[in-house]
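Let's take a walk through this structure together. Have the sequence and the 3D view open, and follow along as we go from the overall picture to the details.

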Amino acid sequence: MDEEAAKTLIVETLKKKKGKTKFYLKDFYKWLPDEKNRAVKNLVNKMVREEILEYWSSGSTTLIGLKGVGKQAAAEEGDDD
Amino acid sequence: METRYQRIQKISSEIGGEIMAFISSGYNPDKPMENRITDIGPRHYEEFFPPVIKKNFGKWLYHEILEAGVLVHVAESGDEVYTVRVGAARLLTVSHIREICEIADKHCDGYLRFTTRNNVEFMVDSKDKVEPLKQDLLSRKQAGGGYKFPVGGTGAGVTNIVHTQGWVHCHTPATDASGPVKATMDVLFDEFTNMRLPAKVRVSLACCLNMCGAVHCSDIAILGYHRKPPLVDHEYLDKMCEVPLAIAACPTAAIKPSKVELPDGKTVKSVSVKEERCMFCGNCYTMCPSMPLADTEGDCIVLMVGGKISNRISMPKFSKIVVPYLPNNPPRWPEVTSTIKRIIDVYAADARKYERLGEWAERISWESFFEKCELEFTHHIIDDFRDPAYFTWRQSTQFKFT
Amino acid sequence: MELKHKTPMLDQLETGPWPSFVSDLKREAESRKTNPNGIDFQCPAEMPEDLLGVVELSYEHGRTHWKHGGIVGVFGYGGGVIGRYCDQPEMFPAVAHFHTLRINQPSSKFYTTEYLEQLMDLCERRGSGITNMHGSTGDIVFLGSHTPQLEEIFWELTHNINQDLGGSGGNLRTPSCCLSGARCEFACIDTQHICHTFTNEYQDELHRPAFPYKFKFKFDGCPNCCVASLARSDLAFIGTWRDDIRIDQEAVKAYVGGELKPNAGAHKDRDWGAFDIQKEVIDLCPTECMGWDGSKLSIDTKNCTRCMHCINTMPRALRVGQDTGVSLLCGAKAPILDGAQMGSLLVPFIKCEDPYDELKEIIEGLWDWWMEEGKNRERIGELMKRQGFQRALEAIGLKAVPQHVKEPRSNPYVFWKEEEVPGGWKRDINEFRKYHQR
């Protein structure tokens, strides 16, 4: 799969999830089963740099979701988007 | 329209109570990748070696502890480095660290070192520089009369306590960290400045069972422990948290989605906690601020003893629970400090030279340990968590009467 | 000086001989309040005062007043920052937002005052003026800053101080090591060099999520394990050797004769009687591989398990061997969930020399296996327990040896693989029935 198609798939998959906005890296592997895990990891990290995705940390683990989406993002920065 | 970044700035200055003039470092929030430097790692350690260390790297012959807190290391070249080790709180302010720097500039040509157990080491390259350094360190006192730089923490004694954040900065602690550590070190102070125990005693503190401080292999571990499952703020939970994340956070699968009817008759989405499955870890509170678990009576301190990490003589050992509950009693936790003191005193009087606390307890038997240390044995101390529990029960007729 | 909040309980922690964090915080509070150097504080000057206030409130309540925040790091990084919010922001506005930065410490924590002063200036100007030296994993910690300052601090760190952040979350955590050759005669390996090398080699894994959960490296120079690698790291590198312990027979006699202090003087403050080499060294050797005939010390190297006791006790007479390398122990972790684990011996001995290619292959083999098979939030030690030690050996292509176990298994449930059994598992039932009736 080319990179743009993979990005689109990730964004569309994230948008479809109801009630949950943050995911483990392993979930992204599942959505792109034909890609090597390391390649998916690199793509996800690239999408963070491109401000499409963002990380969320529990301190001990790291979750990933669409930038600015989710209830906690709003609660933490007093932001309403 | 203002950017998200500008909004954050505004909020930040509002909550700060006063507007501060923002001074940019050069970072441009609209173009975060511009001139950005990343992935450079830490500074190279060799930049920070004192000359005598750099010159003799890997060529040290032997060392000796001249007195508690003072060591000499001798190199193949004949060079010597004298180290004065002092205790420190792990929480240090800029002012205190600047004073450390001032001392290092005055005596040590601007070099110093921190140990893995939060001690500070001042090094000089000749013996005549030791005494002035030591006297300078010991002369510096805090407002309340305590030492800023107590000398000690070497050899067969108690060195500094490694610990976690506690009430100073953590969201799931069952106790404070800095306070119990200060109280315990005050009580054990003479063992920090002396070397009169059978072997070294390593004390550690973790403020909850997540153990950021990994205290599970310490001679004495002070562990904060919650005893009540989380509260659930049903009215706000669905507004503040993502239910699937709260459910996934639970290591024992005790959290389930549920619909709850509020007193006003409105039904909201929330979660239910299967309370008997809760192991009080606080992971749900991390993911969901509507599930706090701190509780004044519920939270307590557990004491564990007998762990070690060194491979010396016997293999490394886990610490074992010997006191399942002591009250959280700030500001000085007297029940905790007096119990620790008693265990160390009995160990000091009874153990053989070189014997670590856990080796001693195993030699005399755990039943004798409880008897000698006057600790009550309760059912909480028998392991009942999954498979490994069986291996801690006694499959033998051999035991001691106590 | 009158501070913002009354702290009667914390004040009781200002007495006693041990350094008081309360006195220290008050000192910083006063310094920021008077601001003699005219610092343009970019975070509220009252941060230490409000921190004292919130901690006092916790002392009254017996409960924390902090909430977790999901901020992970600076832009593009998945770790290095821990988000914190106070649950009483109106009472303590200066610490309403109080995020922590982890800064990757130099290997073995030697410092120049020049470098520390640079860090302190930054912490004072853009943070709370409060640090941890050091965090549990080994980082320099700036305790408490506001969100907009995080990027500014990172910018100044990287541009002006040539210094990067450490790890947090499901990343490689900041590696740490003992001081080895810098000031220790027991060092079998150069822990600083390998720690620094691997920290730089794996910067991507340190700053961006790559794993199911956290992963820690620690490097100990000898089996005394001063940085607790075998208890506190997913992969522990412990220096060891496989040739003879070097013996200086004259120095042994000096210990026996009382001219040298045993255990490097570590027992000095108590009268334990004259040094007895038989009782204190020979009889305590766990493998009974030592002998003393009154004039000569002998060690049967083949039976030595390198526990360090004799070397620790007579450091001027005995030295570690010269054919050195590392033992690798894999899988240590704190108790959650299935109980605490120590590392299990995975590679009994391997040479440890720059550029460490074989060690990198082992690390990457373990990571590939864990990234493929590990569940979310499953440490590699838990994966080993779930799938078996053998899978870890397969991941790095190593043969099983008796050194891997304390004892052989006592249950007979060997899961033979098809290829290990002659003829495989596919059999012809009709052929079988020729000789066995239904």
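A good place to begin is chain C, which has 15 helices and 15 strands. Keep in mind that what you are looking at is a predicted model. Taken along the principal axes, the C-alpha atoms of chain C fill a box of roughly 90 × 75 × 45 Å. Of the 438 residues in this chain, 63% are buried. There is also a number for how the chain folds back on itself: take the contacts in chain C between residues at least 6 apart in sequence, and 63% of them join residues at least 24 apart.

Now let's see where chain B and chain C come together through a pair of helices. The axes of helix 3 of chain B (residues 94–107) and helix 4 of chain C (residues 113–126) come within 10 Å and cross at roughly 165 degrees. That angle makes helix 3 of chain B roughly antiparallel to helix 4 of chain C, and the crossing is left-handed. On the chain B side, the residues taking part are V94(B), I97(B), R98(B), C101(B), A104(B) and D105(B). They meet T113(C), L116(C), E117(C), M120(C), D121(C), C123(C) and E124(C) from helix 4 of chain C. Sorted by character, the residues of this contact come out as 7 nonpolar, 1 polar and 5 charged.

Next, the cysteines. How many disulfides are there over all chains? The count comes to 1. This disulfide joins C241(B) to C288(B), with an S to S distance of 2.1 Å. The torsion about the S-S bond is about 65 degrees, so the disulfide is right-handed. C241(B) sits in the loop between helix 7 (234–240) and helix 8 (243–249) of chain B, while C288(B) sits in the loop between helix 9 (283–287) and strand 11 (300–305) of chain B, so the bond ties together parts that are 47 residues apart in sequence. Both C241(B) and C288(B) are buried.

Over in chain C, why is C195(C) not bonded to C177(C)? The closest cysteine sulfur to that of C195(C) is the one in C177(C), but at 4.0 Å it is too far for a bond, because a disulfide needs the two sulfurs within 2.5 Å. C195(C) is buried, with a relative accessible area of 1%. C184(C) has a similar story to tell: its closest cysteine sulfur belongs to C222(C), and 5.9 Å is too far for a bond. With a relative accessible area of 21%, C184(C) is partly exposed.

Finally, let's look at the backbone. Most peptide bonds are trans, and most residues other than glycine have a negative phi. Here are some exceptions to look up. The peptide bond from M133(C) to H134(C) is cis, with omega near 5 degrees, and H134(C) lies in the loop between strand 5 (130–133) and strand 6 (140–142) of chain C. Another cis peptide bond joins D354(C) and P355(C), where omega is about 5 degrees; you'll find P355(C) in the loop between strand 15 (344–350) and helix 12 (357–373) of chain C.

As for phi, N118(B) has a positive value of about 65 degrees although it is not a glycine. N118(B) belongs to the loop between strand 5 (111–114) and strand 6 (120–124) of chain B, and at 4% relative accessibility it counts as buried. R377(C), also a residue other than glycine, has a positive phi near 60 degrees. Look for R377(C) in the loop between helix 12 and helix 13 (380–387) of chain C.

Terms used
Residues are numbered from 1 along each chain as its sequence is written. Chains are lettered from A and ligands numbered from 1 in the order in which they are written. This is a predicted model: local features need pLDDT of at least 70, side-chain atom pairs count only at pLDDT 80 or more; totals for chains, interfaces and linings use all residues. Side-chain values use heavy atoms; hydrogens and water are left out. Helices (H or I, at least four residues) and strands (E, at least two) are DSSP runs, numbered from the N terminus. Buried means under 20% relative accessible area, exposed over 50%, partly exposed in between (1.4 Å probe, protein chains only). Axes are lines fitted to C-alpha atoms, for helices over the stretch in contact, and angles run from 0 to 180 degrees between N-to-C directions. Angles under 35 degrees count as roughly parallel, over 145 as roughly antiparallel, 65 to 115 as roughly perpendicular and the rest as oblique. A crossing is left-handed if the near helix is turned anticlockwise from the far one by less than a right angle, and right-handed if clockwise. Contact means heavy atoms within 4.5 Å. Ala, Val, Leu, Ile, Met, Phe, Trp, Tyr, Cys and Pro count as nonpolar, Asp, Glu, Lys and Arg as charged, and the others, Gly among them, as polar.
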